[in-house]
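Me: I'm new to this one, so walk me through it slowly. I'd like to know the reason behind each label you use.

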Amino acid sequence: MLSRDFRKNKIGQLSDAMTWIVATIVIVVILVIFFYASSVLAEIKDLEVDSKILFLDKQKTGEVGWIKEKTNFAFKLNKDNEEKINNWLEENEKS
Amino acid sequence: MKNLNKRGADKIISVYWFGILVLVAGGIFLMVYTFYNHPYDVRGLEAKIMANKVADCLSKQGMLESDVFSNGNFNEDFKNNFLDKCNIIIDANDPQYYVKVGFFSVEDLSKSVFEIDAGNKNWVVDCDVQEDEEHEKLPECLEKRLYALGDSGEQHLIKILSIVGKVEENVK
Amino acid sequence: MINRKNKKANLLVENLVFIILNLVFLAILILFIAKQGGGAVVLEQSYAKNIALLIDSAKPVMTLKLNMQDAQKLAEKNGIAFNEIVTISGNVVKVKLSEKGGYSYDFFNDVDATAYPDETRGKYNGLYVFVINEK
């Protein structure tokens, strides 16, 4: 009877250790994933700046930007070569 | 005997548990430090503001300013005093900006007829490198194009390239 | 029988201490994270860059008002007077919210920019006024 109880105790201790090893691995993996996520979030975090106050183009809502307004004014005065000019304006704009 | 064995096992696991807590605390500290220590990158906005400012300096209501172009010619004096005329400060000792303005004729878009530039010219190469993919640790480049007329209605196409360095203050 | 009674008492104390220590640990972590978010270093950088961008896009003659109530609270806590948190010298903006702190950022607009705190009935209202004039 005594020896049977003793064997049960040994098995119990082993399973505790295995649980802790697996738990440690899981915790470390989760920490690494969260650390990576925090570094990605750090790169994409932005100052909350209102583009309107800075007179910048707000392309999302379709508002006409500052520079585009100037171009529109020029077109109102002289529309020659409009297509060629528009193609050049839209071509390769790095923004 | 049984009771002693159980207590011993609990004590070992408690020490290990606090070891895990220290690991988690260290991980969280690292995450918070990484997130809040990373500077805000405002170079994109600065480049846009610079381009807008230059455009405003060159053209008003669709016409090139008389300082820039008059009597069918571009003004060399404007080119030589570009920063003063457009109220832009670029530190000569440690220039953190570069601006280049190119004027093109509608007949020949491949070559500029007049160019103005100021600032750190070495960064233009870095812009070519970033054509396909942006590199955070290189200067931020922005190109804007606009159309304006000369005093006699001549058509001019203007390319404004604005580059902002300031890598240390904006990137870690 | 006696042994069983002792076991229950030990388990209870251990569990209680365990839970309390965990709660203390969590509380310290949460406080640390909250403090970092509202910290002087982050706010100084945020305000300095914001102000520099605003000055860059401004033209003479303009007056800008910026809500700096967060900065005001933090500066008061750190013993910095509200009228000393923003200084503009030449084309450099400096925001200082703690004794040993301070963040500088320069702007490219060649204008004469001055900054002073706004007041309502003789008291600072948390707004900072920026006046942009020609040089």
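Reply: Let's start with a term: a salt bridge is a side-chain nitrogen of Lys or Arg within 4 Å of a carboxyl oxygen of Asp or Glu. Keep in mind that this is a predicted model.

Me: OK, what makes C:Asp106 and B:Lys166 a salt bridge?

Reply: Their closest N and O atoms are 3.7 Å apart. The cut-off is within 4 Å, so the pair counts. Between chain B and chain C the count is two salt bridges, and the structure holds twelve over all chains.

Me: How do you know that C:Lys59 and B:Asp56 form a salt bridge?

Reply: Same kind of check: N to O is 2.2 Å, and the limit is within 4 Å, so this pair passes too. The pair crosses between chains: C:Lys59 sits in the loop between helix H2 (40-57) and strand E1 (62-67) of chain C, and B:Asp56 belongs to helix H2 of chain B.

Me: What about chains A and B, how many salt bridges are there between them?

Reply: Two. B:Arg145 forms a salt bridge with A:Glu91, with the closest N and O atoms 3.5 Å apart. That is within 4 Å, so the name fits.

Me: Now the helices. Why are H2(A) and H2(B) called roughly parallel?

Reply: Look at the angle. The axes of helix H2 (residues 66-77) of chain A and helix H2 (residues 43-58) of chain B cross at roughly 25° and come within 9 Å. Angles under 35 degrees count as roughly parallel, so H2(A) is roughly parallel to H2(B). Their crossing is left-handed.

Me: Which residues meet there?

Reply: From H2(A) you have A:Trp66, A:Ile67 and A:Lys70, and they meet B:Ala51, B:Asn52, B:Ala55 and B:Asp56 in H2(B). Sorted by class, this contact has four nonpolar, one polar and two charged residues.

Me: Why is B:Asn52 put in the polar class there?

Reply: Asn is missing from the nonpolar list and from the charged list of Asp, Glu, Lys and Arg, so B:Asn52 falls among the others, which count as polar.

Me: And what makes H2(B) and H2(C) roughly parallel?

Reply: They pack at an angle of about 10°, with their axes 10 Å apart. The angle is under 35 degrees, so H2(B) and H2(C) are roughly parallel to each other. H2(B) passes H2(C) in a left-handed crossing. In H2(B), the residues B:Leu45, B:Glu46, B:Ile49 and B:Lys53 meet C:Leu53, C:Asp56 and C:Ser57 in H2(C). By class that gives three nonpolar, one polar and three charged residues.

Me: Then why is H2(C) called oblique to H3(C)?

Reply: H2(C) and helix H3 (residues 69-77) of chain C pack at about 140°, their axes 11 Å apart. Roughly antiparallel needs an angle over 145 degrees, and roughly perpendicular runs from 65 to 115. An angle of about 140° fits neither, so H2(C) is oblique to H3(C). This crossing is left-handed.

Me: Which residues make that contact?

Reply: C:Ala40, C:Leu43 and C:Tyr47 in H2(C) meet C:Gln69, C:Asp70, C:Ala71 and C:Leu74 in H3(C). They divide into five nonpolar, one polar and one charged.

Me: Let's zoom out. How many residues are in contact between chain B and chain C?

Reply: There are 28 residues of chain B in contact with 30 residues of chain C. The two chains bury about 2,800 Å² between them, 64% of it on carbon and sulfur atoms. On the chain B side, B:Tyr36, B:Tyr40 and B:Ile89 lose the most area to chain C, together 22% of what that side buries.

Me: And what do chain A and chain B bury?

Reply: About 4,600 Å² between them, with 67% of it on carbon and sulfur atoms. That contact takes 43 residues from chain A and 48 residues from chain B.

Me: One last thing: what is notable about the backbone at C:Val61 and at A:Asn81?

Reply: A cis peptide bond joins C:Pro60 and C:Val61, with omega about 0°. C:Val61 is in the loop between H2 and E1 of chain C. A:Asn81 has a positive phi of about 55° although it is not a glycine, and its place is in the loop between H2 and helix H3 (82-90) of chain A.

Conventions:
Residues numbered from 1 in each chain as written. Chains lettered and ligands numbered in written order. Predicted model: local features only at pLDDT ≥ 70, side-chain atom pairs only at ≥ 80, totals over all residues. Heavy atoms only, no water. Axes fitted to C-alpha atoms, helices over the stretch in contact; angles between N-to-C directions. Helix = DSSP H or I, 4+ residues; strand = E, 2+ residues; numbered from the N terminus. Left-handed = near helix turned anticlockwise from the far one by under 90°. Contact = heavy atoms within 4.5 Å. Buried area = accessible area lost by both parts, 1.4 Å probe.
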